Amino acid sequence: MTVEQAPYADPIYRILSDHTQVSEWLENLRDSMDLLHCGGTRPDYLALESYFRRNVREHFLYEENVVFPAIETLEPEVAVVELLQRLRRDHAEILSDVAGFFGRLSRLLLRDPQTAETHQICEEVRRLVERILDHARLEDRELIPIIKRSRVHLKDLVEDASPGQGD
Ligand SMILES: [Fe+2]
Ligand SMILES: [Fe+2]
């Protein structure tokens, strides 16, 4: 493992840094839409879709495939298992909302690229942003303390579960 990979292999570091980076980006997006009152200038939706795909989806996959199974092994208590189930449901709902939104959006833009209902689109983007920020806040409040208290063992399990991390 190289020096650059080391901090990112630590689940607490990776989750917190992903949350900070994604939250700042989403808050900026929301603020800039508020500033523009969603009138005239629309956000760059292609960039938005690619951002969701690269960052939000990848982050959810990392949590579900690497971090959650490790936590379940270390802390199989009912409350922890229920929290992880809730977070998985949240991921599925958010990804389905995001996919539904971009599907509707591409149909709308194909039909009427110039005057597609900007206000309605902005409202939907705003709802998605709030939904994802709520999810990140729930994890910061309830998941991060669990990760912190089992950090040492969790780091070992996560490294074992991450292909290519051990070299
Ligand atoms: Fe999550
Ligand atoms: Fe997360």
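A: Two residues are in contact if their C-beta atoms, placed from the backbone, lie within 7 Å, and with that in hand we can read this model, which is predicted.

Q: Among contacts between residues at least 6 apart in sequence, what percentage join residues at least 24 apart?

A: In the protein chain, 83% of those contacts join residues at least 24 apart in sequence.

Q: Which secondary structure elements does the protein chain contain, and what pattern do they follow along the sequence?

A: The protein chain has 6 helices and 0 strands, and read along the sequence it follows the pattern α-α-α-α-α-α.

Q: How should I read burial, and which residues make up the largest nonpolar core?

A: In soluble globular proteins, nonpolar side chains tend to be buried together. Here, 14% of the 167 residues count as buried, and the largest nonpolar core comprises 12 residues, among them I15, V67, F68, L84, L143 and V158. Two or more residues of this core come from each of α3 (45-74), α4 (78-111), α5 (118-149) and α6 (151-161), with α3 giving the largest share, 4 residues. Apart from this core lies another, of 8 residues, including F60, I121, L128 and I132.

Q: Which residues does L154 touch, leaving aside those up to four places away in sequence?

A: L154, itself a member of the largest nonpolar core, touches P11, A70, I71, L74 and I147.

Q: Where is confidence lowest, and where is it highest?

A: Where pLDDT is low, the predicted coordinates should not be read in detail. The protein chain averages a pLDDT of 81, and 81% of the residues score at least 70; confidence is lowest in helix α1 (residues 5-9), at a mean of 60, and highest in α4, at 91.

Terms used:
Residues are numbered from 1 along each chain as its sequence is written. Chains are lettered from A and ligands numbered from 1 in the order in which they are written. This is a predicted model: local features need pLDDT of at least 70, side-chain atom pairs count only at pLDDT 80 or more; totals for chains, interfaces and linings use all residues. A residue is buried if 20 or more other C-beta atoms lie within 10 Å of its own, exposed if 12 or fewer, and partly exposed in between; C-beta atoms are placed from the backbone. A nonpolar core is a set of buried Ala, Val, Leu, Ile, Met, Phe, Trp, Tyr and Cys residues joined through C-beta atoms within 7 Å. pLDDT is the predictor's confidence in each residue, from 0 to 100.
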